[in-house]
Every structure is written in C-alpha cells, then in structure tokens.
Amino acid sequence: MTLLKWLGLGAVVAACLGYLVVSATGSSAEYYQTIAEMRAHPASGDVRVLGIVQDDVSRTDGGLHVRFTAADAGQTMPVDYRGALPDIFRPGIQVVVDGRVGSDGVFHARALEAKCPSRFSSAQSQGTPTR
Amino acid sequence: MFLAELGSAFLLASFVLAVLSGVAGVVAGRGGDLTLARVARRAFYAAALGLVGASGTLLTALLSHDFVIAYVFEHSDRSLSLPLTAAAFYGGQEGSLLYWALLLALMGSVAVAAAAVSNPGTTAFANAVLAGIVGFFLLVMVFVASPFALLSGTPTDGLGLNPLLRDGGMLIHPPFQLAGYSAFGVPFAFAIAALLSGRDDAAWVAQTRRYALVAWGLQSAGLTLGMWWAYHVLGWGGYFGWDPVENAALMPWLATTAYIHSAQVQERRGTLRAWNFGLVIAAFLLSVLGTFVVRSGILPSVHTFAVSPLGTWFFGFLVASVAISGGALARRSGRLRSPQPVDASPSREGAFLLQNILLVALTAAVLWGTLLPLISGMTGRTLVVGAAYYERVSAPLLVAVLALLAVGPLLPWQRVRGGWLRLLRWPLAAAGVTLAGLVAAGVRQPGALVALPLVAAGLVTCLLEYGRVAVLARRLAGPLPLAAARVVARNRRRYGAYLAHVGILVVAAGLVGSHVWQQSRQVILLPGQSVTVGSHTLTYEGMAAQPAGDHSALVARLAMGDETLEPARLTYPSLGGQALTHVAIRSSPFEDVYVVLAGADGGAAAFTVYVNPLVTWIWVGGALLILGVLLGNLVRPEVERERVPAGLGATVPAR
C-alpha cells in the first residue's frame, strides 16, 4: 500500500516532468545546422548556424553593430548582428549565430556565441602541427 | 629530455602497479585472502606515489621551461607568471588527466587505508575499482595522450596561455572542479565494492556518505568558483549559461545532493538501500559522461576542447562503467529489498524521499536538454535547446525543493503526531510576512513572489534549529555561550548541514534576484553624455589608450556619483587582434553595477551597462555552504545519540 502511494507520487512527478520537458523543448528547441543544411531545409523559426568568420568584418556604432561573412564547408552566408561581441571574436574563429535569414538574404542574428579558446588548446596552437 | 623520460617512466610504473593492484584486489576480495588484499593496497599506494612523481616531474618541466616537451611548449611561455605557469599543469588535456589521476589515487589511498582497518574484505573490492579507474587514466596517458610527448626540436619559447585564461580564476576554479570530478570515483568504488562483497551494512553508509560529501563539497566549490569567474571575466552579465560543459558539472552535483540526504534515511531507518546505490553510481556515471562530452567535442558547446581521440576512449570507459555497475546492481537486487518501506505520510524521511524524486527529475531534465543534440542528431536534423528550456523546466522543480527545505527539517522521523500545521507555524508566518512585504513594495514578478517567501521560510526553519541550541545549552552547566558551543560541537554534522542549508537559501535568493530584476542597456556615448540604468546614472568622461607589453589597452572612464568606473578593452595583435574585456564592477550587498566597454568608434564609446541585483549573495551563499560542509565534517563527528528507533540496525557506527 505504502509502496503504491510512492509509486503514485513518482508517477505524478514523472508526468509533470514529462509535460514540462515536452512543452519547454517544443517551445525553445531550435535546429542546429550547417549553412548547407539551412539552405536545403529552411526552418520556419530561428536556427543556430555554425560558421567561420571571414576577413570582411565591418563594425559600426562603436562596435555594437557588425556585419561579416560566415563560411563553412565551402558555403558562405552574410551575417548581421547588433550587440556586444564576445572578446575572442575576430576573423578566423568559429561562431554560432542564432537567428534567421531575412528577406534581404542576410542572416540576422539575435545572438552570437564565439567558441571559447579552450583551456585545452591555446588560440595560437590551433592548426599548428607540433608533433 | 631527461625530465620527459623520467615522467614517462613514472607513468608506466604507476600503470603496471595499478593493474597489479586491480587484479590482486579482485582476487583478494573473492577469496578473502587478507595477505593478497594488503599487497593490492600497497600496490595502489605505490601507484599513487608514482603519480606524485610524474606530477612533480611535469611541474619541474613547466617551471624550468623545458620546451622540448610538447605539453610545456603548448601551454606555457617565458612571459607567464610563476603561478600561471604552475597552473598549466592542469590547464591542458594531458596535464588535466594527470591531475585527475593523481587526486583520485591520493583520495583513494586515504579512503582505502581508513576502510581496510574495519573491513578488509569489502575494501579489497573498492581498492580494485579505484585501481581500475586510475589504471584507465594511466592507460590513456601512457598510450594515447602523454603529458611527456616530445617535439622534434627544442623551441626557444612556448605558445603561452590565451589571455582570457591569464587570470586569477585559472588558479582556483579548474583545480576544484577537476578535484570534484575525480572525487566521485571514491564513493562509487565503495558502492560497487559493497555490491560485490554483499556487505552493504551501516558501516558502508557512513563511509560512502563521508566520501560523497568530500566530492560534493569540492564540486560545490568548483561550480561556485566557475560562476564567479565567468561573471567577472566574460562580460556577458551572467554566471551560468546552461552550456553542456556547465551542465556536465551540475548533474553529478545534483545526484550527490540527493544521495547525501537519502543516506540519512538509510542510517536512521535502514531503508532506500537500492536507491542509494543507484544515486552514488549515477553520480559517478554522470561525471564520466560529462568528461566524455567535454573531451570529445561531440556536443555543440561554446567551450570547444581540442578535438582529440580521447572521446572514443572515454566512451569505452563509460560503457564499461555502466556494464559493471549494472551487473553488480542486478546481481544483488534481490538482497537490497528494504526491510520496511518509507511511509507515504508527512515525515522527515518522506520529505527526503520527495526531495530525492525532485532532484532526480531535475537531473533527468538537464540530461535530456544536454543530450538532445545527440538524440535528435540520429534522425538527421540536430535540435538544440537554450537557457529558456532549462529555466522553464527547472524553475517549478526548484521551487518545490525550496518548499521542502523550509518544511522538511521540522518534520519528525516516522510520522507527525498532532497537528503539523502547528509545527510549521513559524516558517508559514515568515513566508506570509515576506509575501505581504514584497507585494506592498510593488513587486509583481511571479518568480520573486513565489520563491522569496519560500527562502524566508527556509531561513526561519534553520533559525529554529539553531534556537534549539540555546534550549539545550541551558540544560548544561557553565556559561551559556560556552555550553552552546559545546552543543554545536557535539552535533557538528547537524549544525554544519543547517549552515549549508542557509548557504543554499542565500544562493537561491541571489539567483532569483539577479534573474528577476536584472536590467541592462546598450548605449553609445560621447564624452559628457550619460546613461541611466535603474537608479544609477553613469557619465562618460573619456577614453585613454595605454600601450603595454604584448597588448594595447583602451580604458574608459565613467563617473557614477563620486566613484569612477574604468571598464577596459585590451587588444592582442600577436593573437590576430583578439580582444579582452575588463569588466568594471561596483558591488554592493544589494546590487552590482556591471559595465562592459563593447567598443570605440571615433570619439564615441559603446557600453553595455547591467544592474545585477543580489549577485553577491550567490558568492556568499556558496561560501556558507562550503563552510557548513567543512564544519560538519572536518573532524570525525561524535555519534549522534538521539531517538534512534531500535531494531532497525542502521545507526551511525563509530567508524
């Protein structure tokens, strides 16, 4: 009887959790795509796209507005972002932009994350064959 | 050259000794051969010594700038300060594996030595498991990722450390976080040992609880320091981003939080045995999973670690750990039936069990969000969730945990006799007063209106417990303060735990406050112009350029009242123009003014200004929590003799 009550309580918590997880996943999950995938399967909402910042970075508004081209696997995409940039943002690093392509063909990012220079490989050593 | 060979020799010797210790431990555990058990222990101590030797060698190589060693070349240079050069020991992939193995070998040695006195049979198995884990790390270091690999020539200088990491935080956060991760191996080893030897008695609970608390304390320190570091250095105004790497550290902490509570139910009532095994094992498996995620780069994370072949190795280790734990649990499942289930009525153990269910649910939700890219990736299109998902899911669960924090400690064991509303009158009153006060002050955010009254109720509950000290002290002879100190000292574990509760509540208030009331503005200012955020007006006075060494700095001056804030932006030309923000923070007990210099454009400067309420409370609460763990457990507590139900056999043993 006691065990039954606990199982019941566990089931209630599990059901609440299931509802929470499903609804929160549904409302906030986004596709994480490469540029090619984004072009092949345009999503209706925001998506996250990974790309490497190219040399054509132009900053205006004191650095709070930036335009650049992101490239990945031979595909490129113009990106427009307003907001403070991460410290390590510069041509050549990987960024993940979160937003959608506007009618102008430009990817308007509402968030931009730069991949951390990991504590496991300093920025300089990336791509430097040492062994 | 000599150092590299010496270090490799230490690692190889340790590896052989760990394998020997593991095999001897299993054989000794199965056959009950006490001499062989002693051999296994000594081999393990020797392997730990070998790791001390290897670590000393790596530190010497770093400090003597022996750049022929690839690890030294890649993670330090001549310009790095002495402490940061030493920190490179755990700052890179290979070195962090060495640091991990070293700590687990040392903590494991202490645990094995202490446990072998009372229970050599079970300890032989624990010894074998620990040797297995340490052996795995040594295997990786000997054959795949050696910290002592050599370059073909000797460079004149190393590559150094990224400026983002050249910070005091580098000296304090990683060592605690890695120590926490490695410490989860000790309670796991004793859990598997108890399952293998079939001796999961009260002594097992006492030992495992203690080791789990060590791991939990270290992980708490690692998480708090990590949030502190991110807040002070990264300049995004926050402290926890729900990134997979951060979740990986959080999940074993949540599972262990559940365990250190449910272990008390087993101590008191002898129940929840299988559940407790499950929690200890889950915490370890989650820590291994986290390491796999962090090291393999398999999940999209802002912390990318160098892509390495280690992912496969850790995946293999994870699979083996799951198989061994699952097998051990399945073998003993019949014996783990509890003599008496926990009553489903309001009681202390009921509160513990409900708290456990909530924490496990939260862990599951975090795990789902973290692994979603992997799970959805199998269908071809990768899905990711952000902070919004985690906040929506965790908020209701955390509110329920807060409510339990206020109610649970006041409930008696077994069953409430008489009206339980009467028991809860003080916390209920505190919650009511706080709610009324908040509403009267014009607060309308539901998050604050629900959570802050619960925090107040929880604090009153802790105060009531401390109030009992005075009541008990009055019965003792001698002056009251002295008697009170004696009461606290005698019940160290209990009052340490309540101090940790106070810490958690203070952290909760900080999380709620900074979440609900954070304000921020992005502005572009010319000298003389002002911006107002919250009740603070900042006036931009001007910018100064300061060239220095390998970087140039732009320092902005903003006047706020009679104070001057100086956010800066450093640029490193040698690193392709990488910038580094120096955030200017004015902390007060109730809010931080947090200013980031986002950029400069001619005479204008761009700023992001945040007002972050109650963030200081998070750091203070974290410190209280760790102080509580230390006070409660620094010295072996005396046995608590208090209303232990007879005949249940699960009292606190002396050792």
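Two residues are taken to be in contact when their C-beta atoms, placed from the backbone, lie within 7 Å, and with that in mind I would like to begin with one helix of this predicted model.

The helix is α14 of chain B, and its buried residues pack against α1 (2-28) of chain A as well as against α13 (348-377), α16 (425-440), α17 (446-475) and α19 (492-516) of chain B. Among those buried residues are Tyr389(B), Tyr390(B), Val393(B) and Ser394(B), and also Leu397(B), Val401(B) and Val407(B). At Ser394(B) the helix α14(B) bends by about 35°, with a proline, Pro396(B), following within four residues. As for its length, α14 of chain B has 21 residues, residues 387-407, so at 1.5 Å a residue it should span 30 Å, and the end C-alpha atoms, 29 Å apart, agree with that.

Turning to the nonpolar core, the largest one has 237 residues, of which Ala101(B), Val134(B) and Val595(B) touch the most other members. Helix α11 (residues 273-296) of chain B gives the most to this core, namely 15 residues. If we leave aside residues up to four places away in sequence, Val134(B) touches Ala18(B), Ala47(B), Ala101(B), Leu104(B), Ala105(B) and Gly108(B).

Finally, the sheet: in chain B, 4 strands in the order β2-β11-β10-β9 form an open sheet with antiparallel pairing. Its edge strands, each pairing on one side only, are β2 (519-525) and β9 (584-587) of chain B, and neighbouring strands are turned by 15° against each other on average, direction ignored. Between the antiparallel strands β10 (residues 591-601) and β11 (residues 604-613) of chain B there are 10 bridges, and Tyr594(B) has Tyr610(B) in β11(B) as its bridge partner.

Notes:
Residues numbered from 1 in each chain as written. Chains lettered and ligands numbered in written order. Predicted model: local features only at pLDDT ≥ 70, side-chain atom pairs only at ≥ 80, totals over all residues. Helix = DSSP H or I, 4+ residues; strand = E, 2+ residues; numbered from the N terminus. Expected span 1.5 Å × (residues − 1). Bend = angle between axes of the 7 residues up to and from the residue. Buried ≥ 20, exposed ≤ 12 C-beta atoms within 10 Å, placed from the backbone. Core = buried A, V, L, I, M, F, W, Y, C linked by C-beta atoms within 7 Å. Pairing = 2+ DSSP bridges. Axes fitted to C-alpha atoms, helices over the stretch in contact; angles between N-to-C directions.
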